Amino acid sequence: MNEKVVRLDALKREFQASPTVEITEIHAGFSRRLNFFIDVSDIDAPSMNDGRVSFVAELLDVSRPAVTDWLSKNKPPKETTIFEVVRYFLKHIESGEDILPARVVSWLRYGDEVSPCPFKAEHEEIAHQELMP
């Protein structure tokens, strides 16, 4: 028993000495992917230049600054919110009911390198285009 206590102390010191990892709220490409996700839905959202932020904020009943972060600053919403947003927009995408929300969330956050685009091939060309400000 005494050996386990000593071992636990050593493991605890090792853990505490581990380098810290900076966790960032910024996910490169998140905004581009979220805008694409909105674009492939059957919701006629305006472009970024024509009021998309206000439209999405009103639609989802969230603040405009939060939506601005999502749509233009690569800052995803909180975990519960992103799942709610994904579930909502999947209802407005052809065959969206066949796509797991977790797969879309993973793709939105981390991109194609981690999770391939979950939408049909005809939409993938749009997904890789740069958005005009």
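In this predicted model, helix 2, which spans residues 30-40, and helix 4, which spans residues 64-72, have axes that come within 6 Å and cross at roughly 100°. Because angles of 65 to 115 degrees count as roughly perpendicular, that crossing makes helix 2 roughly perpendicular to helix 4. On the side of helix 2, the contact is made by Phe-30, Ser-31, Leu-34, Asn-35 and Ile-38, and these meet Asp-69, Trp-70, Leu-71 and Ser-72 of helix 4. Sorted by class, the residues in this contact between helix 2 and helix 4 are five nonpolar, three polar and one charged.

Leu-34, already named in that contact, also belongs to the largest nonpolar core, which has 28 residues, and there Leu-34, Phe-37, Val-86, Val-104, Leu-108 and Phe-119 touch the most other members. At least two residues of this core come from each of helix 2, helix 3 (52-60), helix 4, helix 5 (79-90) and helix 6 (101-110). Val-104 can serve as an example: leaving aside residues up to four places away in sequence, Val-104 touches Phe-37, Val-86, Leu-90, Ile-99, Pro-118 and Phe-119.

Turning to the protein chain as a whole, its secondary structure comes to seven helices and zero strands, and 32% of its 133 residues count as buried. Among the contacts in the protein chain with a separation of 6 or more, 58% are accounted for by residues 24 or more positions apart. The surface that the protein chain exposes comes to about 9,200 Å², of which carbon and sulfur atoms supply 54%.

Terms used
Residues are numbered from 1 along each chain as its sequence is written. This is a predicted model: local features need pLDDT of at least 70, side-chain atom pairs count only at pLDDT 80 or more; totals for chains, interfaces and linings use all residues. Side-chain values use heavy atoms; hydrogens and water are left out. Axes are lines fitted to C-alpha atoms, for helices over the stretch in contact, and angles run from 0 to 180 degrees between N-to-C directions. Helices (H or I, at least four residues) and strands (E, at least two) are DSSP runs, numbered from the N terminus. Angles under 35 degrees count as roughly parallel, over 145 as roughly antiparallel, 65 to 115 as roughly perpendicular and the rest as oblique. Contact means heavy atoms within 4.5 Å. Ala, Val, Leu, Ile, Met, Phe, Trp, Tyr, Cys and Pro count as nonpolar, Asp, Glu, Lys and Arg as charged, and the others, Gly among them, as polar. A nonpolar core is a set of buried Ala, Val, Leu, Ile, Met, Phe, Trp, Tyr and Cys residues joined through side-chain atoms within 4.5 Å. Buried means under 20% relative accessible area, exposed over 50%, partly exposed in between (1.4 Å probe, protein chains only). Accessible areas come from the Shrake-Rupley method with a 1.4 Å probe; for residues, only the protein chains shown count as cover.
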